[in-house]
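Let us take a walk through this structure together, one region at a time. Keep the 3D view open and turn it as you read.

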Amino acid sequence: MSEAGLALLFFGCVCGALMLGFPVAFTLAGVSLLFALVGEAAGFFDPAFLQALPNRLYGTMINETLIAVPLFVFMGVTLERSRIAESLLDTMAAAFGQLRGGLAFSVLAVGVLMAASTGIVGATVVTMGLLSLPSMLRARYDPRVATGTICAAGTLGQIIPPSIVLVILGDVVSNAYQQAQLNLGTFSPKTVSVGELFVGAIIPGMLLVGGYFIYLVGTAVLRPEWMPAPEDTGFDRPGIGQIFSALVAPLALIVAVLGSIMLGVATPTEAAAVGASGALLLALLQGQLTFMRLRDVMQTTVHVTSMVFLILIGASVFSLVFRGIGGEEVVHELLTGLPGGQVGALLAVMALLFVLGFVLDFIEITFVVVPIVGPVLLAMGVDPIWLGILIAINLQTSFLTPPFGFALFYLRGVAPKTISTRAIYRGVVPFIVIQLTVLGVIAAWPALVTWLPAQVYGG
Amino acid sequence: MKHLLALNEWIGRAVAWLTLAMVLVTLTIVVARYGFSIGSIAVQESVTYLHGIVFMLGAAYALRHDQHVRVDIFYREFTKRRKAWVDFLGVLFLLLPTCAYILLVSTDYVAAAWQVREGSREAGGLPLVYLLKTLIPITALLVAFEGILIAVARARFILTGRRA
């Protein structure tokens, strides 16, 4: 069998095995090892490639960039468990709920502010769905508008900094960038940092939020019956003090975290620790920090962190075997052989990621696929920060796209039966149009991504 | 016996406290650097160690609580029986071989680190790299142990129809 055939067979086996539903981390590692075993017996795999494994594992343990992951998880879980997110939504709904479309804007704002989610698309959408869908339906919102807004706002947090997937993507793209330069013979490679990716995500994130906002305002004006102002929101109008503690405090926290990274005074890891401490303090001040809840936060942090890093370990085994059977050269030849050069290769990768987004979550795709295709694209001269942001928005769009999008599945799971699946599919269409527009705009003008990091970090 | 079977539960709950330690130690580092311009490589490295301990020793704990993500587009529609089969066969053919392999290849690696009592490459760093590396085989053992418990529980369910 040719190398291309083998690589395809291997990739197919892994994808097929993943569909069975056994945990991703062990499936990746297990199938790769079984494939390597067969390959060794049949003479197409040299086991020497796997000797690097212990050192890879150790490298994962001492990876300094990724230390930000548990800290951001800690912060996000604290905000969520201490009901800071919930009271933010309630207060905003009470403050703006009287306005036409007020609830939808509240959902959007909470989606943006609660960006420090756990990095799992399902979890965020489920939380948002449980929190806000009932109130929107009670206020007689059109189910399409309600579900569309929740799906879009729930996935938006993935790509608005500070987010865990951007930390992971930053680390992976940075490694790919160094490898690309080494392959080209540059032995003092330039680097990209997670901070640069955070800063690069700001303008695209604002474009997306702006797009959503314009759509919601337009709907509120043109189709007032779709998002009516309720006579009674069921909330008392909050006092200034209430608004302050519910809105300003978490907002200040997010701004402090992002600001310190942008100003270059803190690394993402340091900012994450400050954010986590701030979240604890906030929970304490609001009387929400009980011993049980703290324990719950810590244990959830262990769960999420171990889950993320075990996928990384599984992905390292996969990549060693993939390299061992010559898969990297196959991908390299395939991508550089496409018509249209850089643009053609980029389009092909984006299409692949979009399709993979139907079955795999952000973390798996970032750890498994980006290290393979990233170095090739970057060696062709694609800007690393731009690439990272394109991948992020592309995947977010994929998670929204019917009929397979993750976000839709999970919202379906928590939405009442009276809402048809069709309504959910219809509801996200305007948001997908916005996503694709922003993706196109950013693809056409890379400066929208690269300009701000260059200002902050001095190019 | 009951306590032994819950081994990973105890380890996980203990390790959970280290996440709080990570937050507080890193916060201290930030305050010390920007407030007092002092820094310590050993303290810096201790956060890395804590991080490594958390996710390595937490791996089996997360497995115990079924917190490792699955691709569940088909799995979630499966009957309980079929899910039990997936888990049983998955442990047998994917999880256990992975743990066995990691155990196998990491033995020499860790032994070499112990032989020289490998420490930090940085001056003033922690001299405990050999202990950190030892987490690799320990994690493989703990995950394998939890995997076997899961396989036994699923096998019992498949055979008797009773949830363990």
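On the surface of this predicted model, six residues come together as a nonpolar patch: A:L34, A:L37, B:W85, B:L89, B:L92 and B:F93. Together they offer about 560 Å² of accessible area. Which elements supply these residues? At least two come from each of α2 of chain A, residues 24–42, and α5 of chain B, residues 80–115. The biggest share is that of α5(B), with four residues.

Pick out B:L89 as a landmark, since you will find it in helix α5 of chain B. Is B:L89 buried or exposed? The answer lies in between: its relative accessible area is 36%, so B:L89 counts as partly exposed. That value also fits its place in the patch, because patch residues need over 30% relative accessible area.

Now move to helix α1 of chain A, which covers residues 3–19. This helix has 17 residues, and at 1.5 Å a residue they should span 24 Å. The C-alpha atoms at its ends are indeed 24 Å apart, so expectation and model agree. Several residues of α1(A) are buried, namely A:L6, A:A7, A:F10, A:V14, A:A17, A:L18 and A:M19. As you look at such a list, it helps to remember that an α-helix has 3.6 residues a turn, so residues three or four places apart point the same way.

What do the buried residues of α1(A) pack against? In chain A, their partners are α2, α13 (291–324) and α14 (327–336). Chain B takes part as well, through α4, residues 72–75. Just after the helix, look for A:G21, a glycine with a positive phi near 100°.

Before leaving chain A, find the loop between α8 (143–156) and α9 (164–183), where A:P162 lies. A cis peptide bond joins A:P161 to A:P162, with omega at about -5°.

Next, step back and view chain B as a whole. How many helices and strands are there in chain B? The count is six helices and zero strands, so to read the chain from its N terminus is to meet one α element after another: α-α-α-α-α-α. Its C-alpha trace spans about 65 × 35 × 35 Å along the principal axes. The radius of gyration of chain B is 20 Å, whereas a compact globule of 164 residues would have one near 15 Å.

Within chain B, 46% of the 164 residues are buried. Looking at contacts between residues with a separation of 6 or more, 70% are made by residues 24 or more positions apart. On the outside, chain B has an accessible surface of about 8,600 Å², and carbon and sulfur atoms account for 67% of that.

Finally, visit two loops of chain B. B:S37 sits in the loop between α2 (7–36) and α3 (41–64), and its phi is near 55°, a positive value in a residue other than glycine. With a relative accessible area of 66%, B:S37 is exposed. In the loop between α3 and α4 you will meet B:D66. B:D66 is not a glycine either, and its phi is positive, near 50°. Its relative accessible area is 44%, so B:D66 is partly exposed.

Note on methods: Residues are numbered from 1 along each chain as its sequence is written. Chains are lettered from A and ligands numbered from 1 in the order in which they are written. This is a predicted model: local features need pLDDT of at least 70, side-chain atom pairs count only at pLDDT 80 or more; totals for chains, interfaces and linings use all residues. Side-chain values use heavy atoms; hydrogens and water are left out. Patches are made of residues with over 30% relative accessible area and no salt bridge: like charges are joined within 9 Å, nonpolar side chains (Val, Leu, Ile, Met, Phe, Trp, Tyr) within 5 Å. Accessible areas come from the Shrake-Rupley method with a 1.4 Å probe; for residues, only the protein chains shown count as cover. A salt bridge is a side-chain nitrogen of Lys or Arg within 4 Å of a carboxyl oxygen of Asp or Glu. Buried means under 20% relative accessible area, exposed over 50%, partly exposed in between (1.4 Å probe, protein chains only). The expected span of a helix is 1.5 Å times one less than its number of residues. Contact means heavy atoms within 4.5 Å. The radius of gyration is taken over C-alpha atoms; the globule rule is 2.2 Å times the number of residues to the power 0.38.
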